[in-house]
Amino acid sequence: MEGAVSQDCLGSPGLGPYMLSQVTTHAGARMQPVIFKGFAGTALKGDAFGSPDDPAVLLIHGGAQTRAVWDDVADALVRAGRYVIRIDMRGHGESEWPADGRYDFESFVEDLRAVLAQMASRPVVVAASLGGWAATAALGEEGAHLAAGLVLIDSVPDMDFDAACRQENLPGGKPCFDPAFTDTFDPEAAVDRVSSAAGQIKMPVLFVRGAKSELSGADEANRFLGHFENVEYAEIREAGQMVAAERADMFSATLLDFLERRVPRFAPEYRQGSDARTLRDALGCFATGVTVVTTLDQEGQPIGLTANSFTSVSLEPPLLLVCIAKSAGSLAAMEAAENFAVNVLHIGQQPTSNLFAKSGEDRFSGTPWSRGHNGAPLLSGALANFECRRFALHDGGDHVILIGEVVRARFEPRRDPLLYFRGKYRRLHFA
């Protein structure tokens, strides 16, 4: 590949990439080589440690570094029961040095999005300086579904980028990164974007700074932390900007404390009689679409409510069901109606879902709709509309199970669905 360098950059002289599977960490975990396809097909190389069944942590180094900076941290994470993946960014270490010299900020952001999309589970992303910038943008700009948490190391938008990328050549004059990277990367293009993206991140965030860091001061860090909704701050007193390498012991302890509290290794467990919220969270792991169930009340006025407990039941006869909470204000009208409709929402109808989920709202005055063949309201532009005749009603604990016989259905094949997963709206993501 263009500009490829030897494994000397990883601190393992003479060790070729195809020998990585023969290496073990101090924790005894086998190290396996990994290759991800980044933005525009750029090959991003790295390695993985531990069991893929354990919660994942993705380690992203800073500018002018390689994945070797994570040696001791990776060891500690594996010992604590985490699955660790670390990669070299484009133009660094073993990863491809793109022939087109593409080192703009967008390419680093899209690289990370591509890596996350190829992972089997949502990791906690741990990233330093430039890597932290890319992670903040990737996760804050509609990327919340890609990670379970974020740990930033000295990644304030107004950091001293030249100091962050200061690197001496290895013996023999071999650089560990493409010199074109520092010649062409424009840090100013990232500043506003990173600050804006930080305000959109809702997942748990830890910001770590070495007290002796030359990249930024505590004031800059505090200003940046104000953008996040759910953030913790830790300062390692005896470390500089390379805190993960200089004081790996203290950094690893801080990181593991955060992980065990905010992204615990062991999954919560529900047993009959325990907290119902745990059961609800477990049920929320089943991703669903979102529907609005509609009918006419006894005065002929349209009523409706948001529901995601919806499923097909039978094709012969054509049956479906929805579950309606007994606390719903429109339950009596739904139980009495002979006809109703189920409107499946598309990705652009999140406001409609929110509107029909609230009580006391005039839901139909600002919502385009028409009467269906059986009189039930059909929401205009929905992903699908099912017009149903009431088939059966069943008691379902704190819900009523309404089964309908489908008499007419239509759908829009060119739209994507609005999804709901673990208490949040989602959208389809194509790797």
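Start with the lining of the second largest pocket in this predicted model: by class, that lining has four nonpolar, five polar and five charged residues. The pocket itself has a volume of about 500 Å³. To find its centre, select Glu 142, Gly 143, Ala 144, His 145 and Tyr 425, which are the closest to that point among the 14 lining residues.

Now colour two elements, α3 (129-140) and β20 (424-426). Each of them supplies at least two residues of the pocket lining. Which one gives the most to the lining? That is β20, with three residues.

Next, leave the pocket and turn to the charged pairs. A search of the whole structure finds 24 salt bridges, and the following stops visit some of them.

**Stop one: Asp 54 and Arg 265.** Show both side chains and you will see them meet in a salt bridge, at 3.3 Å from N to O. Asp 54 sits in the loop between β2 (43-49) and β3 (56-60), while Arg 265 sits in the loop between α9 (248-262) and α10 (276-283), so this pair ties together parts that lie 211 residues apart in sequence. Is Asp 54 buried or exposed? With a relative accessibility of 18%, Asp 54 counts as buried, because the cut-off for buried is under 20%. Its partner Arg 265 is partly exposed, at 27%.

**Stop two: Glu 110 and Arg 113.** Select helix α2 (residues 105-118) and look for these two side chains. They meet in a salt bridge with an N to O distance of 2.5 Å. Glu 110 and Arg 113 are three residues apart in the helix, so about one helical turn separates them. Arg 113 counts as buried, at 15% relative accessibility.

**Stop three: Asp 395 and Lys 326.** Here the closest N and O atoms of the salt bridge are 2.4 Å apart. Asp 395 belongs to strand β17 (residues 384-396) and Lys 326 to the loop between β13 (319-325) and α11 (331-336), so the pair ties together parts 69 residues apart in sequence. Turn on a surface and check the two partners: Asp 395 counts as exposed, with 59% relative accessibility, whereas Lys 326 is partly exposed at 38%.

**Last stop: a network.** Finish by selecting Asp 47, Arg 67, Asp 71, Arg 86, Asp 88 and Glu 94 together. What links these residues? Salt bridges do, joining the six side chains you have selected into a network.

How values were computed:
Residues numbered from 1 in each chain as written. Predicted model: local features only at pLDDT ≥ 70, side-chain atom pairs only at ≥ 80, totals over all residues. Heavy atoms only, no water. Salt bridge = Lys/Arg side-chain N within 4 Å of Asp/Glu carboxyl O. Helix = DSSP H or I, 4+ residues; strand = E, 2+ residues; numbered from the N terminus. Buried < 20%, exposed > 50% of the residue type's maximum accessible area, 1.4 Å probe, protein only. 1 Å grid on protein atoms, 1.4 Å probe; cavity = no way out; pocket = protein on both sides within 12 Å on 5 of 7 lines; lining within 4 Å. Points joined across faces, edges and corners; volume = space filled by probe spheres on them. Nonpolar A, V, L, I, M, F, W, Y, C, P; charged D, E, K, R; others polar.
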